[in-house]
Every structure is written in C-alpha cells, then in structure tokens.
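Q: Got a minute to go through this one with me? I'd like to start with how the parts touch.

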Amino acid sequence: MKKIFSGKVWKLGDDIDTDIIIPTQFLALETVDDMKKYAFNPLRPELAGLIKPGDIIIAGKNFGCGSSREQAPEILAALKLNCIIAKSYARIFYRNAFNNGLLLLENNEIYNFCNEGDQVSVNLENSQVSLGEKTFQVASIPEDLLQMVEAGGLVPFMRKLNSK
Amino acid sequence: MGMTMGEKILARASNKDVVRPGDIITAKVDLCMSNDGTTHLNIDIFEKDLKAEKVFNPQKVIFIIDHNVPSESAKTAEVHKKMRRFAQKHQISLYEGTGVCHQIMIEDYVVPGQLIIAADSHTCSYGGLGAFGTGVGCTDFTSVMNTGEIWLMVPETLKFVIEGTFKPGVYARDLILKIIGDIGANGANYKIMEFGGPAARNFTIDDRVVLCNMAVEAGAKSGLVEADDTVIEYVKSRGRHEMVLCKSDEDAIYEQTYHYNLDDLEPMIAIPHCVDDVVPVTEIGEVKIDQGFIGSCNNGRIEELRAAAQILKGKKIAPYVKLLISPASNAVYLQALEEGLMDIFVESGAMVLNSNCSVCWGSCQGVIGEGEVLISTGTRNFKGRAGHPNSSIYLASAATVAASALTGTITDPRGMIG
C-alpha cells in the first residue's frame, strides 16, 4: 500500500463517540453509501458532505468510544479518509477500524499544533507524520495489518489469502 | 507471581497455565451472542463473503432481538426476518422481545469462568457472574461464530477495593457513575476493571451486573467481580451447575488499585454529553426534565424497579413529564407484576413498555425532540443518542429518575423514599 501520502485536516475533539460517528436512527439504512452521508451528524451535520477522499481526521483522546457498531469505522472507510490520527482510541473501535480497512495512527502532540484545513503528510516507512516544519512520531503498524488495510479489511484480506 | 481472575479465565480459554498482560492469545469461546443492532451484517459477511456453511457449535451461538422490538419500521422488520431465517437454518437459539440481550444471557446462559464474545459493547456485564465478557464488531463476531475462536490481547487489570455499605437512596449505579467520573471515559481503556473488597461480599447479583456493565464506559475490555456463594446459588437456581471459579491470587499484579467507601457515597449524576462528567445530585441546581426512563441492560432489573416503586407509590408524576419504564426482561416484568410494582407504576402515571433496549438505544421508542431533557438509567448520554441532536441526557439511578419524575426537576431521592 501507499506508504507516503498527505491529506487535508478535519479537526475533531475528545471522546468522539460512535453515536456521533453514526447515530442509531441511520443504522438500518441499507447500504454504507446511504449511511455515510450522516457521519458526525449530531456534531457537524455538514461535515460528511465536505470530506473528500484522501482527507485526514485529527482528533483528541478516546476516538470511537461507545458502542461496538461496526458501521462507525465502515462509513469512515467509505468516505475514503487516508487515515485518522488521534491521541487515543477506544478498544472496540480500534479493532473494528482495521477489520474494515481504516488506518488509525496514534499521536499525542500533533493535535495541539494543527488547525482545520492544514495539510499533513504521513510516512509509514519511518512512522512519522509532518505538519509544516514539525514532525511527530507514531507507533509503527505491522506489515500484515497494513496489508489488511490495503485489502479493505479482514474479510477481503482473508478472501485474498484463500485465493492464493 | 500470581494472576488476576481475568488472567486466569483467559489462560484457561487459551489452554495455557499462565498468561501475562500484553500476551496475545488465541482463545476458545464458551458462548457468543449477537443482537438485532448488527446481526444482519454478520449474516451477510457469513453467507456472502466467507461463504461459510456452519456455525462452530449451534448450542453456543445465541441470537437475541432486543434493540428494535417490536420492529418500528419495515427496515428493521427485514433485519428480524433475516435473523429468524438464519437461526432456523443453523438451529441456533433465537429470543425475540423477551428482554435485553445481556439480561437474557445472565438469566439463561452465563456461568463463572466462561469467556463470552458478543457483538455488543455491554458484553462486559457478564463479569457480574464471574465470566469474562467482551464486545466486538460484526467482522470479529462473524469469525467467532464460524470458528469458535478469537485472538485477544491479555489486558492489565485495575482493582477497585470497595468498603462500607450503601446508604438508603444510594445504589451500585451511583458507585459506577462516581468511579467513571473519577477515572474518565478512557480511564480503563483496554483494561479489566476488577471490583472487590469487603463490600463486594454483600453485593447482590443486580449490583454486580450494574458495576460490570458500565466498565466499557470507562473504556474497559471487561469488568469482573469474583463469583462467591451469591453467584453460585443464583446460577444453580437457574439450572446451571457446571462452572469454573477463578479467584485472583494474593500476589496478582494490578496496574493500579483504587479505594472507595460506600459510607461516603451519595447519589451521582452524569451530565450531558459525556458519561464521565459526573457530579453529586446535590450540586446539580435546578434542571427541568421532560422525560424519565427506567430500564436498559444497566438498570432495568427487579431491584431498580423496587427502588423506583418505593418512591412512586401513591404519588403522581409531574404534569407534562413522561416517565417510561421498561423491565430488563420478561422474567423481571413478571416478578414486578407479582410484587405489585406495575400497579404502582401505572397508577403514578408512568408508561410501562415491553422488555427491550428502549429509550437507551434511542430509535425504537421514547425518542426525545429538540431541546428536550431526559433523565435516564441507560448506559450513555452521548449527544443525540436519545433522539434529536440538540437534546440532553442525564444519567442517574432509578431512584433519582423516579424522584425527578415526581417533581419535574432533577431531584435527590433521599428523603423521598416512602
């Protein structure tokens, strides 16, 4: 997968919960494409329409807290975000995100320096994220997890492995 | 170096003598459960993507329809149809409309020492019976349903040593809100919260489940209370006799230990829109409410209904205020009928609903409008969870909700207990 990329920043706060990412009343919609229009609806109803493929969300601590609803990372993957960079993630969301091909990076500091609309570059080869002159270290993601993200998640990854 | 009870359960499940925090294990799952919040997705992955033919063991897979029941739209009716078809085809147990999934599991399945995976974040409830429950998404769940196994990282354990006794008007619900307020919504992220100490011996089953259920609201992977005679008797009374009792060793390693004394605890309340924004009810000031809700996997059991009835008996709820009550299961419903609690509720002006996730889930019934204020015994007060994005949810005990429904403003229940 692409190891070096950059994207435009959307900035969100702490404790962005799964009900904000996708509210309950939209969960029964038939397709992910129907649902993704309502991403972050209670917080910023206009945001889902503004996010472009390749954009990056930068957020505070405990991103994805709350329910185990897998539609949350699924719709963020469907919005084709390059990745999310948060101070920390809730446990169930973290696992669900990789299972759905959504790349999550963790860093405590970049949040304090970036503004919405900034351009951020990510280099997965040296696990660094840069914002202007500043660089920040993120934990390295093992190669097999990156391959899973590239395949689009656990199920397509398994299908790919099985067909070999 | 000893192990905590959570580590012992994970060691047993992965067929190892010893596990340590940070170890990644492949564990055999004793039970797995999925509800109508997401099961339609599991079934699609299972049938269309994996092209799997069999669930790993039909006796160990349980489907429960509790989130949108009875269905409120044609779309959720389709979800339920899909679940019924799959359950029938694979000969797995299906419950529909008989209670909130975690309460059904506690009544009919859970025993101490099990590892239980379910596609719902409040699976940590089973720690109330000394079982390790943890929630996953539908992809992980589908894999479990197919193989009976899951990879897990062994978490660190936080210990909560609890002393003293609950004062009148103060409940396990207030204790867990207090703890989450203290440690924060990610204060136990990835970890086990183990509740123990001298007070734990006196905890009822309901108390234990209330504490463990909300462990996930502090980010925890699981909540646990050591199973003792209270649990063993309960489980046997429900016809289940085989269990594995796991106790934490004296020299087990805890990442951190916290101390709480129930003698100092007062009614607590989480204010909008974070579960960890918690204050004593006495400090809340005058907050008008539009609706109260008593129910959910956290707080819809018989003891909470009794606490509410004690306050509502012979009184009327305030004008223009609604009080909705949904017993956590039909067994709880029938017991409340037998004890005369339902008469008290209906005579007070409350609406009694069928057993389901109800207002806590925010899509099936009791949805609130723009600018409305709900006080709830549910699990979460996230922005918009109960309806309109610009509405507010306060979380408190059943007694505080009942007292508030009588006055129309958030009210300390102490002194209102009849």
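A: Sure. Two residues are in contact here if their C-beta atoms, placed from the backbone, lie within 7 Å. This is a predicted model, where local features need pLDDT of at least 70 and side-chain atom pairs count only at pLDDT 80 or more, while totals for chains, interfaces and linings use all residues. Residues are numbered from 1 along each chain as its sequence is written, with chains lettered from A and ligands numbered from 1 in the order in which they are written.

Q: OK, chain B then. What domains does the assignment give it?

A: Domain 1 (5-244 + 253-261) and domain 2 (270-407); the bounds come from an automatic or database domain assignment. Taken over C-alpha atoms, the centres of domain 1 and domain 2 of chain B are 24 Å apart.

Q: How many residues of each are in contact?

A: In chain B, 31 residues of domain 1 meet 30 residues of domain 2. On the domain 1 side, the elements giving two or more residues are α4 (101-108), α6 and α7 (205-213) of chain B. Helices (H or I, at least four residues) and strands (E, at least two) are DSSP runs, numbered from the N terminus. The largest share of that side, six residues, is from α6(B).

Q: And by class, what's on that domain 1 side?

A: Nine nonpolar, 14 polar and eight charged residues. Nonpolar covers Ala, Val, Leu, Ile, Met, Phe, Trp, Tyr, Cys and Pro, charged covers Asp, Glu, Lys and Arg, and the others, Gly among them, are polar.

Q: Now between the chains: how many residues does each put into the contact?

A: Chain A puts in 31 residues and chain B 35 residues. From chain A, α1 (18-21), α5 (91-99) and α8 (154-163) each supply at least two residues. The most comes from α5(A), with five residues. By class, the chain A side has 10 nonpolar, 12 polar and nine charged residues.

Q: Switching to the sheet in chain A. Is β3(A) covered on one face or on both?

A: Both. In strand β3 (residues 83-86) of chain A, C83(A) and I85(A) on one side and I84(A) and A86(A) on the other are all buried. Buried means 20 or more other C-beta atoms within 10 Å of the residue's own, exposed means 12 or fewer, and partly exposed is in between, with C-beta atoms placed from the backbone.

Q: What does β3(A) pair with?

A: Strands pair if DSSP finds at least two bridges between them. Strand β2 (residues 56-59) of chain A runs parallel to β3(A), joined by four bridges, and I56(A) has C83(A) as its bridge partner. Strand β4 (residues 104-106) of chain A is also parallel to β3(A), over three bridges; there A86(A) is partnered by E106(A).

Q: Which hand do the crossovers have?

A: From β2(A) through helix α4 (residues 71-78) of chain A to β3(A), the β-α-β crossover is right-handed. The unit of β3(A), α5(A) and β4(A) is right-handed too. With the strands pointing away from the viewer, that means a clockwise path from the first strand over the helix to the second.

Q: Any odd backbone spots?

A: K80(A) has a positive phi of about 60 degrees although it is not a glycine. K80(A) sits in the loop between α4 and β3 of chain A.

Q: Why is K80(A) called partly exposed?

A: Because K80(A) has 13 other C-beta atoms within 10 Å.

Q: And cis peptides?

A: One joins V69(B) and P70(B), with omega about -5 degrees. Another joins P272(B) and H273(B), with omega about 0 degrees.
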